[in-house]
Amino acid sequence: MKVSVKWLRDYVPITETTSEIAHKLTMAGLEVEDVEVIGGDWKNVFVGEIIAVNPHPNADRLRLATVNLGSKQVTVVCGAPNLIVGDKIAFAEVGAELIDGHTGQKAQLKPAKIRGVISEGMICSEKELGISDNHEGILVLPHDALTGMLLADYMGDTIFDIAVTSNRPDCMSVIGVAREVAAQTNQHVSIQTPVYAEEGVAIQSLASIAIKDPDLCPRYCASLVTGVKIGPSPSWLQQRLLASGMRPINNVVDVTNYVMLEYGQPLHAFDFNKLQDHRIEVRRAQEGELFKTLDDIDRKLTKDTLVIADGKRAVAVAGIMGGQSTEVTDATKDILIESATFNAAILHRGSVALNLRTEASLRFEKGLSRELPLLALKRATELMKELTGCKVAKGIIDVYPGKEDPKQIVFSAWEVKRLLGIDLSVEEIITILTKLDFECESTGEAEEIRVTVPWWRTDVTCKADLVEETARVIGYDSIPTTMLSSSLPEPQTLPMRSFRQKVQDVMVHCGFQEIITYSLTSIEMLQKLSPKNEYEGSQPVRAAHPMSRELEYLRTSLRPGALTTLVRNQRYKEAAIQLFEIGSIFLHREKDLPKEKEMLCAVLSSVQPKLFWQGTVELVDFYTVKGVVETLLSQFGIEAAFNPGDDESLLAGKNAVVVVDGDPVGVFGEIHPRVARAFDINDTAFLIELDLEKLFSYVVDIKSYKPISRYPSMIRDIAILVDVAVPYERIRKVITASSLVNQVVLFDLYSGEQVPQGKKSLAIRIIYQSSEHTLTDIEVDDVQKEILDALSHEFNVTLRS
Amino acid sequence: MLDKIEWLASQAFDDLHKIANLKELEDWRVRYLGRKSDFSQILRSLATLSPDERRVVGAKANDLKIKLEESLTQKKSSLEDMVFSSAIDALDVTLPGKPVTLGRLHPVTQTLNEICDIFIGMGFQVAEGPQVEWEYYNFEALNMPADHAARDSFATLWMDYESEPGHKPMLLRTHTSPVQVRVMERTRPPIRIIVPGRVYRYEATDATHEWMFNQIEGLAIDTNITMADLKGTLFEFARCIFGKDRKVRFRCDYFPFVEPGVDVSIDCFMCAGAGCRLCGNTGWIEIMGAGMVHPNVLKRVGIDPDVYSGFAFGMGVERIPILRYGIDDIRLFFSNDLKFLQQF
């Protein structure tokens, strides 16, 4: 909302600097986002009158204009096409700071000789003055501008651009802002009551108004003016519209816009003679009803839209936009002026449905006061008579089915203390609220008052609102600073959060960079993971109106995000890229919010061996990845089995399922080349995916202490031959079954030359230790023999000589 | 005999001075202190002397032997020092070290953890809630009924789910505030929670706008909680995050779920309030919205607003690293470029 300070002065004395007022308004909730000073730079610019225009002796397209500045006359060279003797113009003397019409940069006006003629200044265009981009011709001022006065005195102003919050539609008006300025600067607002003469027949005998749905239109007022002469508005009105960011159209439209800016009440002017049966009816639109709005667009209405109809058809979308059929034109003579209150919710719904936001709808949808229409209508009628030379029919039609009593709230000083932490006496509170036109009276109870809310404050409905009003006047700065002293709640932990943080830590320690990817994805992304181009698992949940195809579905897997990120970073040719994300996937559930399941997804790839001067560092392989999984599980005391997996995104024979207590909790392995191609991954890549919620249920929270043996350990290395098909894990289990075995380390695996076909050679270090005594060679020999016998018996293992 | 001892001694000390390495020192030891050395022979020949002579010469010889041995030890350690501190086998310390792969948390996670820790220190507990929400929790329960104009400031991503013909009540939460309501539904005061999490808006992205971002919400409900407590809590937070000299400014603002409502700014840490590019020449940087929980919100969850009061606040998480590190494009956070992520 752009508000001219000059205009504000009509209602409230401005006693402080504009920057002080802007600051106070901002602190009080009317944020002044921008302060524009019109004419602040016009140091040597005056109002002048063109008294003669002569041809330039040496140029066809230039002319010599003689300008009267009151105290003197000057002649300048001018190329503008619109030089007319008698016009008032803005004249800049040498030394003025103007905007160069060609470069757009600010420059100081210097004396110039143009084609041999000395020019003692310049007649300015709007662009040169910085008012607009118009550089077609010179700015022609209204004739009431006094010759010789500073242009800044005539046209200068300060414009506040205020971000009005949606609870304060009353402040979407100059009078509303004036009330705030008054309260913040200890002044009073004065508003003139409109006065105009009525004549002829009473409006009631000429027009009729019916409200079909009083809930949606609690009040409808109208006046009738006849014999209107359509023409341009006077310059003062045009200037105010322009200062407020509105374009002047003609005197009738300008009056409705002017009163809307002044009072905040949107109005509409109907060409009375085009209203069938001279009748107005407020009703819901019929489903599918077609209507052509003023902007020449055919619109299909729904029953959630309110329309104004005449005897036959809809003539306006109520509170949003008028229609072409009853539009005011140059030929219009008689006008019905509408000033009404519409239900905020239906207005909002209607303007969203039509995708049509107008100055009117932006005000109505925030809930305007029902007391406003009559005042605004009278003001508009007064101006209409003044500016269009019309006659005003007697009376006003005021259909007011939704009249309400003024709101009253019982309030006390305790309430202020309770919410703000400040001690104020009831007297102080009365003084504060009175500044904002709240009426306060005693309820008879001590320290308690009954507050009557001024009619324009539709936002104030409860005690907390009055606390805010109090705070706004005394200033939020005066609220003290204290620390919470109330009792602490029962301790409640969020175990999943702590678990997640620990998992993050382990991944970071393992050298992984955390990433965060979007929660929305596309079907194509999900399909890339599957050989049949089908997404796995449940049907993803779709956005009703997706922002783009790439962001259409809630992700059902973290894989696409992680793989896409891997690809994005391939170009850096880092030796190894290791990324992980912990985040939710969203699984469809019938008649319920989707299940949000927390997952871990990590991806690794080796672009090239890491170069190092002592020799290269190895590439990532399947066992690097398994090491990460094992490290993670061991941190939480989880014992898992690793079974060959059949994940479709992973390469057969190179992927494993992580199983805890018979429950699969995740997979890892090498990315299938088909998936790698689909994502444009150039290098061998691996993936880990773990279901964190499942994993969490297997966390061993209470770790138990095992005493550290005081006795020395004994190391024995063995090399055995066994069938290739026997998994190592089964051999390990047999060895560790012996109670003296403390640790088993596989340190070589070999098959090939010197090893029989179909066999593999395993070199295993067994560390023996007892917690009770020092082991003897004989004892260990015996145990080891038992182990070898068992291995030989179960897997036909032989010792390699 | 005594003369010979004296002479040997001076000879030995002279030689010791000239010794430059451990090898020479060993030769010296053999020559002067070895079993076949003149000195050892003198000591052995003591037996041939008279008891008086033996006492004098013996004492002198022993004394000298101790001195020689001490000097030997000293010389040895100083020679060893010379060897260790000389650069004969020196490594090229400028060669690169063996690379260690270091992982990092995402800067947003780092910031979330940091913020949570600050509030946990003030007695707040972390709560979480669903990212896909019902319209009820995201709007209605927060004092924004259907068709309320304030809903416009939350450009909403609705889900394609119909509860009844024409009504789609499922959405991606536009703020973390729905979790306030969920917690208040199941907990009675005193309540002191913070809620970190992802939120979503229907918004075209550019350098300053992202459709997905993170918020942290705070809520404290009890008897006698005031706006002064809110000021104190946020003041403490601002000092922890932006430095101990920070000032906090409250000004009136409107959010439907609080009353009175507050826009919270801190004084600009770049210019200390003088006005610069970071703060848009205002001296203040907006960091969050806050206020006293609206009585309608409390009533709806069955908490009596005449008995209990409380405050709530909510802030964008990405904004903090943006301000702190001068990040000029919010889209960098979720594009996950390693060259960006590795800077934090």
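A residue counts as buried here if 20 or more other C-beta atoms lie within 10 Å of its own, as exposed if 12 or fewer do, and as partly exposed in between. By that yardstick, buried residues make up 39% of the 344 residues in chain B. Keep in mind as you look around that this is a predicted model.

**Chain B, end to end**

Let's stay with chain B for a moment. Its secondary structure comes to 12 helices and 10 strands. The C-alpha trace spans about 130 × 45 × 45 Å along its principal axes. A compact globule of 344 residues would have a radius of gyration near 20 Å, but chain B comes out at 41 Å. The domain assignment splits chain B into domain 1 (2–85) and domain 2 (107–341), and the centres of these two domains, taken over C-alpha atoms, sit 85 Å apart. As for contacts within chain B between residues at least 6 apart in sequence, 64% of them join residues at least 24 apart.

Chain B also has a couple of cis peptide bonds to look for. One joins Pro189(B) and Pro190(B), with omega about 0°. Pro190(B) lies in the loop between α7 (177–186) and β5 (191–200) of chain B. Another cis bond joins Glu259(B) and Pro260(B), and here omega is about -5°. Pro260(B) belongs to strand β8 (residues 258–267) of chain B.

**Where the chains meet**

How many residues of chain B are in contact with chain A? The count is 71, and they touch 75 residues of chain A. On the chain B side, helix α8 (residues 227–242) gives the most, with seven residues. Sorted by class, that side of chain B has 40 nonpolar, 15 polar and 16 charged residues.

**Chain A and its domains**

Over in chain A, the assignment lists domain 1 (2–39 + 158–185), domain 2 (45–155), domain 3 (203–399), domain 4 (409–453 + 462–477), domain 5 (495–697) and domain 6 (714–799). Between the centres of domain 2 and domain 5 of chain A, taken over C-alpha atoms, there are 72 Å.

**A pair of helices in chain A**

Now find helix α2 (residues 18–27) and helix α5 (residues 174–185) of chain A. They pack at an angle of about 100°, with their axes 10 Å apart. Angles of 65 to 115 degrees count as roughly perpendicular, so α2(A) is roughly perpendicular to α5(A). Which residues of α2(A) meet α5(A)? They are Ile21(A), Lys24(A) and Leu25(A), and on the α5(A) side their partners are Glu180(A), Val181(A), Gln184(A) and Thr185(A). Taken by class, this contact has three nonpolar, two polar and two charged residues.

**A helix with a buried side**

Helix α8 of chain A (residues 344–354) has these buried residues: Ala344(A), Ile346(A), Leu347(A), His348(A), Gly350(A), Ser351(A) and Leu354(A). What do the buried residues of α8(A) pack against? Their neighbours are β19 (298–300), β20 (306–309), β21 (314–317) and α9 (359–364) of chain A. Just after α8(A) comes Asn355(A), which takes a positive phi of about 50°.

**Loop residues with positive phi**

Two loop residues of chain A are set side by side below.

| Residue | Phi | Loop in chain A | Other C-beta atoms within 10 Å |
|---|---|---|---|
| His278(A) | near 45° | between β16 (267–271) and β17 (279–284) | 17 atoms |
| Asp661(A) | near 50° | between β35 (650–660) and β36 (663–671) | 11 atoms |

Is Asp661(A) buried or exposed? With 11 other C-beta atoms within 10 Å, Asp661(A) is exposed. His278(A) is partly exposed, because its count is 17. Neither residue is a glycine: phi of His278(A) is a positive value in a residue other than glycine, and the value for Asp661(A) is described likewise.

**One last stop in chain A**

Finish at Gln784(A), in helix α21 (residues 777–795) of chain A. Gln784(A) has 19 other C-beta atoms within 10 Å, so it is partly exposed; a residue needs 20 or more to be called buried. Gln784(A) and Ile718(A) are 66 residues apart along the chain, and their C-alpha atoms are separated by 9.6 Å.

Notes
Residues are numbered from 1 along each chain as its sequence is written. Chains are lettered from A and ligands numbered from 1 in the order in which they are written. This is a predicted model: local features need pLDDT of at least 70, side-chain atom pairs count only at pLDDT 80 or more; totals for chains, interfaces and linings use all residues. Two residues are in contact if their C-beta atoms, placed from the backbone, lie within 7 Å. Helices (H or I, at least four residues) and strands (E, at least two) are DSSP runs, numbered from the N terminus. Ala, Val, Leu, Ile, Met, Phe, Trp, Tyr, Cys and Pro count as nonpolar, Asp, Glu, Lys and Arg as charged, and the others, Gly among them, as polar. The radius of gyration is taken over C-alpha atoms; the globule rule is 2.2 Å times the number of residues to the power 0.38. Axes are lines fitted to C-alpha atoms, for helices over the stretch in contact, and angles run from 0 to 180 degrees between N-to-C directions. Angles under 35 degrees count as roughly parallel, over 145 as roughly antiparallel, 65 to 115 as roughly perpendicular and the rest as oblique. Domain bounds come from an automatic or database domain assignment.
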